[in-house]
Each structure stands twice: as structure tokens, then as C-alpha cells.
Amino acid sequence: MAGLMDEGAESLDRVLSIEIARVTERAAVAAAMLRGRGDEKAADQAAVDAMRIELGSLAISGTIVIGEGERDQAPMLFIGEEVGAGGLPVDIALDPLEGTTICAKNLPNALTVIAVATKGSLLNAPDVYMEKIAVGPGYPDEVVSLDRTPRQNIEALAAAKGVPVGQITACILDRPRHAKLIEDIRATGAAIRLIGDGDVAGVIHTTDPDETGIDIYMGIGGAPEGVLAAAALRCMGGQMQGRLQLNTVEKRIRAEKMGLMHPDRIYRLHDMAAGDVVFAATGVTDGNLLDGVRIYANRIETHTLVMRAQSRTVRDIRARHYDLAKFGL
């Protein structure tokens, strides 16, 4: 059995270590064509269409477990859809445009994101909210927890990092639901970085606080984005916890249909993304970790990170694309 798992893992790397970058690159370019136009739906649809075309060329038999919605809510790339040209069986989590509002307003940190994993490795989360907390690598296990207060988490992280609380910065989505959380964190003396959208990027930023200035991500965002963020942390290192916000009967029923029987359960990193995972993200707009798409008269330039959990490899790919016809130019 171990030999078969090793063979599958090697295949995952061989098939997807570079090819997966083409998927997020193509979607990023499609979305970038609509940066700053104020049309979120058009930018998202362009990214969806482009990503689906490129997925169809991969030598995989993929099942989307985190996608644009359920079958009756999305025209394509919906949960349960089968994609790929045939080959290695994998599960896929994707967000063709992480930060639709960001892209529409041409603000920082819009990304295209995908995670491909061995079958059964990704949490099949419903499209509901999830309470999240995440930090980067290098800390003791359970240094932060959803079972603790914001003050306790901030103080524990500062102690583990060996700095005063005033040197900790928390990243939080700028939403009315976070008013109390923001108040509690500011009361500790810690700083806050509010973001308008894009909490996958917010979680990823905790992995390199020296570069991004973000030490911890906290708050409530989408559960599908939580799974994608967990996939990235599996590759880059770090800790994350998530708790689904199943506050209606309808949401609990949907979760139960997906096999999630314990509504108050705290999901840890390996609960959300286990096994071998390959993760890719391409910048649509400029951000802390990735540059946005550059479009010139004779070429397009993209900036992509491709990461793999098993090997803990991070590939930083800056590509120049001269075949403009591929992107409809």
C-alpha cells in the first residue's frame, strides 16, 4: 500500500509541478483584461472560462470539490464537476478569481488560485462561512486556537515570537461582522491590517511576516476559501483552524449531505488538506507576494507560485508569454 501511495505522489508531482501554473496563468490574464472596469461578474466569468479550458488539457481525471458553487448555482466549475483529459485521479479546489471586488477596482492582491490533491485529501466544505485563525511556520503546535479569546491568541503569539504585543499585526476582512473582533484586538495594543477581499491571500501572507507585515489571520470568511488557504499552508508551513458557521437548519442539512455531521467541530490544517497537495497562485493585480499581470504589445508577463506539500518545494515562476493568440490577443 505504501508503495502505491508513493507512486501516486510521484505522479502528482510529475504531472502537475509545472503544468498547473498554466491553469492559473491563463485565468489571471483573462481577469487582468478586466481590471478596474468595475464589473465583478464579468471578471470572474472570464477567469472561470479560461481556467476551465486549461484544466481540460491536463492529464488528470479531476473532481472539483471546492468550486464556483453547486451544480444549480454555477454554469461551470461547480462542485462535483469532472475535469481533465483523463489520467491521474485527483481532487481539485479552485477559485478562478480570488478577490473579484479587488480586481474590479484594480486594488492589490487579486489572485487566481487552484489546489490539486490526491483523492479524498481535501475537505468537501459547503459554500458557507467559516471562522478561521492562521499563523505561519516556526511556532509551537496549537500556539493559537479558536477556543481562545482574541486577546489570548495575540498574547500567546507575541510570546512565541518573542516580541511585544505591539509588534503583532493581524489581518482581518473589513466587514461589519468583525467590529467586535477588531475592537478586542486593538485593545491588546496589536495592529490590524484590514482587507476588502481575498482572505486566501490574507492567510498566505502569514507565512512570511517579514515581507508582508502580517503575523496572524483572524475572522470569518468563506469555507471554500478556507480549504484553499489550508492547502497553501500545507505546502508553505503554518497552522490553521476553521469552524463552519452552520447557523441555520438549511446550512446544517447541506453540511450533513456532504458528510459533515458535527457542526461545532474545529477543523485543523490536516483535516482540511491532507495527503499530497500541489497549489498554484498567479497574481492578477500587484500584491505583497505576487506581481500582477503585465500586458505589453508583444508579450504578457505573469508571476506565479507553485508549491507542493510533500516536497515542501516553492517554485517562483516569472513567465513571458509571446503567443498572444492563446490569450485572445
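**Exercise 1. Find out how far apart in sequence the partners of the Asp199–Lys132 salt bridge are, and whether they are buried or exposed.**

Step 1. Start with the contact: Asp199 and Lys132 pair up through their side chains in a salt bridge, with 2.5 Å from N to O. Keep in mind that this is a predicted model.

Step 2. Place the partners. Asp199 sits in helix H7 (residues 199-205) and Lys132 in strand S5 (residues 129-135), so the bridge ties together parts that are 67 residues apart in sequence.

Step 3. Check the accessibility: Asp199 and Lys132 are both buried, and buried here means under 20% relative accessible area.

**Exercise 2. Work out which residues are linked in a network with Glu54.**

Step 1. A search of the whole structure turns up 18 salt bridges. One of them joins Glu54 to Arg26, where the closest N and O atoms are 3.1 Å apart.

Step 2. Glu54 belongs to helix H3 (residues 40-55) and Arg26 to helix H2 (residues 19-32), so to speak distant parts of the chain, 28 residues apart. Both Glu54 and Arg26 are buried.

Step 3. Now add Arg22: together with Arg26 and Glu54, Arg22 is part of a network of salt bridges.

**Exercise 3. Sort the residues of helix H6 into buried and exposed, and say why the buried ones line one face.**

Step 1. In H6 (residues 179-188), the buried set is Leu181, Ile182, Ile185 and Thr188. Looking down the axis of H6, these buried residues fall within an arc of 120 degrees, so they line one face of the helix.

Step 2. Turn to the other side of H6: Lys180, Glu183, Arg186 and Ala187 are exposed there.

Step 3. Ask what covers the buried residues. The cover includes helix H5 (150-161) and strands S6 (169-173), S7 (191-195) and S8 (216-222).

Step 4. Look for a salt bridge in H6. Asp184 and Lys180 make one, with the closest N and O atoms 2.9 Å apart. They are four residues apart in the helix, about one helical turn. Asp184 is partly exposed at 23% relative accessible area, while Lys180 is exposed at 52%.

**Exercise 4. Describe the interface of domain 1 and domain 2: how much area is buried, and how many salt bridges cross?**

Step 1. The domain assignment gives domain 1 (14-121 + 277-327) and domain 2 (129-272).

Step 2. About 2,000 Å² is buried between the two, with carbon and sulfur atoms giving 68%. In domain 1, Glu98, Asn288 and Leu289 lose the most area to domain 2, together 26% of what that side buries.

Step 3. Zero salt bridges cross the interface, but five residue pairs are in polar contact.

Technical notes
Residues numbered from 1 in each chain as written. Predicted model: local features only at pLDDT ≥ 70, side-chain atom pairs only at ≥ 80, totals over all residues. Heavy atoms only, no water. Buried < 20%, exposed > 50% of the residue type's maximum accessible area, 1.4 Å probe, protein only. Helix = DSSP H or I, 4+ residues; strand = E, 2+ residues; numbered from the N terminus. Arc of directions from axis to C-beta. Contact = heavy atoms within 4.5 Å. Domains from an automatic or database assignment. Buried area = accessible area lost by both parts, 1.4 Å probe. Salt bridge = Lys/Arg side-chain N within 4 Å of Asp/Glu carboxyl O. Polar contact = N/O pair within 3.5 Å; in protein donor to acceptor, adjacent residues only side chain to side chain.
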